[in-house]
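Reader: I'd like a close look at one part of this model, please. Pick a single residue, start there and work outwards, and keep it chatty.

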Amino acid sequence: MRPIESALDTSGAVFAARRAALEEKLAALRALEAGAAAASARGTAGWAARGKLPPRERLARLLDAERPFLPLMSLAGYGTEEDAVPGGAQLAGIGFVAGTRVMVVATDAGIAGGALSEMGNRKLLRCQEIALENRLPFLHLVESAGANLLKYRVEKFVNGGAIFRNLARLSAAGIPVITSVHGPSAAGGAYMPGLSDHVVMVEGQGRAYLAGPALLRAATGEQAEDEALGGAGMHARISG
């Protein structure tokens, strides 16, 4: 095959102007992404004292450092009232873990406690669809406050159901679904590990329950500690 020959004049004024215009747009994109990272960092200020990693550092440690990573949908929800911070409180992309190409999604718990938003749900759904279409193992790092009930919309719960359906579809297709729970994960945040093929829960940090201790007490009067209600030890030894 003959190599493709280009007639593009990279030394001309037109090329220089178009390059400058594109670089300006890219700089604006990077500024929005940096703003989302800064907003997340403000929400994770006390994590180090509790032995926890910020979402972006956790994701960086998971990925093979020497291999490429393609971030996806970093502007999800940008400009909408519900998702003032771009990204939908989800970090997502295609990268490599232990030499295997994977789709990875990580809850950005520094943004509203990782609460699930409408656009964040749509982002997660699209990542699942890409994983299914391309047979990419699906890795999910979960620390989620569940749905934001203060901004209830029926569509949010429809998309939530579709997310759970897709987890089953991935598994049925023989595509591994692996979830790591490394923080409090309530309601929808607990369904996701519950519908995964493999679950890793961090002892002393990861918790999965439909309702946390405060809501349990308000609804039933029963009092329970986080660990007894949904901690890693309880799930590993009692609930299965």
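**Starting from Thr44**

Author: Thr44 is buried, with a relative accessible area of just 9%; the cut-off for that word is under 20%. Bear in mind that this is a predicted model, so treat what follows as a description of a prediction. As for where Thr44 lives, look in the loop between α1 and α2. Leaving aside residues up to four places away in sequence, Thr44 touches Pro54, Pro55 and Gly110.

The two helices on either side of that loop lead us to a pocket. α1 (13–43) and α2 (55–62) each supply at least two residues to the lining of the second largest pocket, and so does β2 (90–97). That pocket has a volume of about 330 Å³. There are 19 lining residues, and the closest to the pocket's centre are Glu33, Arg56, Pro71, Ser74 and Leu91. By residue type, the lining divides into 11 nonpolar, 4 polar and 4 charged.

Now follow β2 a little further. Phe96 falls within the 90–97 span of that strand, and the charged end of Arg67 sits over the Phe96 ring, 3.9 Å from its centre. There's another arrangement of this kind at Trp47: Lys52 lies over the face of that ring, at 4.9 Å from the ring centre.

Just past the strand comes Ala98, in the loop between β2 and β3 (100–107). If you want a contrast with where we began, here it is: Ala98 counts as exposed, at 71% relative accessibility, whereas Thr44 is buried at 9%. The cut-off for exposed is over 50%, so Ala98 earns the label. To place Ala98 relative to the start of the chain, take Met1: their C-alpha atoms are separated by 35 Å, with the two positions 97 residues apart along the chain.

One last stop, since we've been talking about rings. The structure holds 1 aromatic pair. Phe164 and Tyr191 make it up, with 5.0 Å centre to centre and 40° between the planes, which makes the pair tilted. Phe164 belongs to helix α4 (residues 154–172) and Tyr191 to helix α5 (residues 188–194), so the pair ties together parts that are 27 residues apart in sequence. Tyr191 is partly exposed, at 42% relative accessible area; because that figure lies between the 20% and 50% cut-offs, neither "buried" nor "exposed" fits it.

Notes
Residues are numbered from 1 along each chain as its sequence is written. This is a predicted model: local features need pLDDT of at least 70, side-chain atom pairs count only at pLDDT 80 or more; totals for chains, interfaces and linings use all residues. Side-chain values use heavy atoms; hydrogens and water are left out. Rings of Phe, Tyr and Trp (its six-membered ring) pair if their centres lie within 6.5 Å; planes under 30 degrees apart count as stacked, over 60 as edge-to-face and the rest as tilted. Helices (H or I, at least four residues) and strands (E, at least two) are DSSP runs, numbered from the N terminus. Buried means under 20% relative accessible area, exposed over 50%, partly exposed in between (1.4 Å probe, protein chains only). A charge sits over a ring if NZ of Lys or CZ of Arg is within 6 Å of the ring centre and within 35 degrees of the ring normal. On a 1 Å grid over the protein atoms alone, a cavity is a set of points where a 1.4 Å probe fits but cannot get out, and a pocket is an open set with protein on both sides within 12 Å along at least five of seven lines; lining residues have an atom within 4 Å of a point. Grid points are joined across faces, edges and corners, and a volume is the space filled by probe spheres set on the points. Ala, Val, Leu, Ile, Met, Phe, Trp, Tyr, Cys and Pro count as nonpolar, Asp, Glu, Lys and Arg as charged, and the others, Gly among them, as polar. Contact means heavy atoms within 4.5 Å.
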